[in-house]
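Thank you for giving me a few minutes this morning. Let me put the structure up, and then we can walk through it together.

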Amino acid sequence: MKQASRNHPLLSVLLAMVLLPLLAVPAYAGGHSARPQWLRKGEAQLNAQRTNDTYYFKMVHNIGTDLTQLRQASTSQLADFIGKRNQIEGLEMTEISNATGTAGTKTREQYDMVFRNRFSTDAFYAQLVDEYWEPDATGYNYYALYAVSASGSVRPSFDRFEATRSYGALPALMSVVPGVGQLYKGQKLKGCLMLGGAAAGAGAIILCENRRAYYQTRIGEEPKFAHDYSKKRDNWETGRNIAIGATAALMVWSIVDAAVAPGATRIRLSASSSLAFRPAALATPSGMGMGASLSFNF
């Protein structure tokens, strides 16, 4: 194989492209391996998944050097947005109170925002769903995702929010084509490297097999050069086998990585607790009857 690599630099380049993703290390920013899905795709995707219209999602962005101050500034920025969105006029006096609740095992910050002016008093409610930050030249880019009540007169029925980096089994199935599962999970750099490596591997396999077949044909056509052609055929065959092995290893690694490695943070929504009445058939000693059942979803 050393001779084949020395005599055929194109083959060396192709094999290097196949092996590169196996050595790649994902870049981390702000404690996360990739930008969260809600930041990349925006609020519209989450707003389309709500089970009711009593609230909406709002993302705010700030730049600064202190994360604590950025969190506080994001709350004030959210209050300014709510005031403008609901056309609260006159002299405003905004009061913000914070209470930390629990959502499963994760604490969730809840805010009551009261707007008082000479016209009216309006109360809005908000929950911090998730946050993300990444360093820049001057400090941090800070992003916060909130769920906000749509009206000051109706208390919102927030869905249950879960920030997760798990994507189930689907990415592993998609990674039969290396890199596709990683792209689905928001790992663009890793996914592109794997996909490029797989393409290079396929190219190396085709190239090596074509050259191997060419020299195999030449052995029969020019027997006097059979010895030289046999060496070249064997070199290309070795290159083909290495390319097949590297591509197969890349495929296996892509599937395993897609199955176990955490992806970009995404928000899963589920309906909050509710009572529901449903018609039901009842079996009695005298026969069948109709009734109603009460179910509680939690």
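I begin on the outside, where Leu170, Leu173 and Tyr184 make a nonpolar surface patch of about 310 Å²; patch residues have over 30% relative accessible area and no salt bridge, with nonpolar side chains joined within 5 Å, a salt bridge being a Lys or Arg side-chain nitrogen within 4 Å of a carboxyl oxygen of Asp or Glu, and the areas come from the Shrake-Rupley method with a 1.4 Å probe. Please keep in mind that this is a predicted model, in which local features need pLDDT of at least 70 and side-chain atom pairs count only at pLDDT 80 or more, while totals for chains, interfaces and linings use all residues. Residues are numbered from 1 along each chain, and side-chain values use heavy atoms, without hydrogens or water.

Leu170 belongs to helix α6, residues 170-174, helices being DSSP runs of H or I of at least four residues and strands runs of E of at least two. Leu170 counts as partly exposed because its relative accessibility is 41%, where buried means under 20%, exposed over 50%, and partly exposed in between.

Gln182, in helix α7 (residues 180-184), is by contrast buried, at 0%. Leaving aside residues up to four places away in sequence, Gln182 touches several residues, among them Ser175, Lys190, Met194 and Asp257, contact meaning heavy atoms within 4.5 Å.

Finally, Asn210 lies in helix α8, which spans residues 188-221, and counts as partly exposed because its relative accessibility is 47%. Its C-alpha atom is separated by 8.7 Å from that of Trp236, 26 residues apart along the chain.

Terms used: Buried < 20%, exposed > 50% of the residue type's maximum accessible area, 1.4 Å probe, protein only. Patch = residues over 30% accessible without salt bridge, like charges linked within 9 Å, V, L, I, M, F, W, Y side chains within 5 Å.
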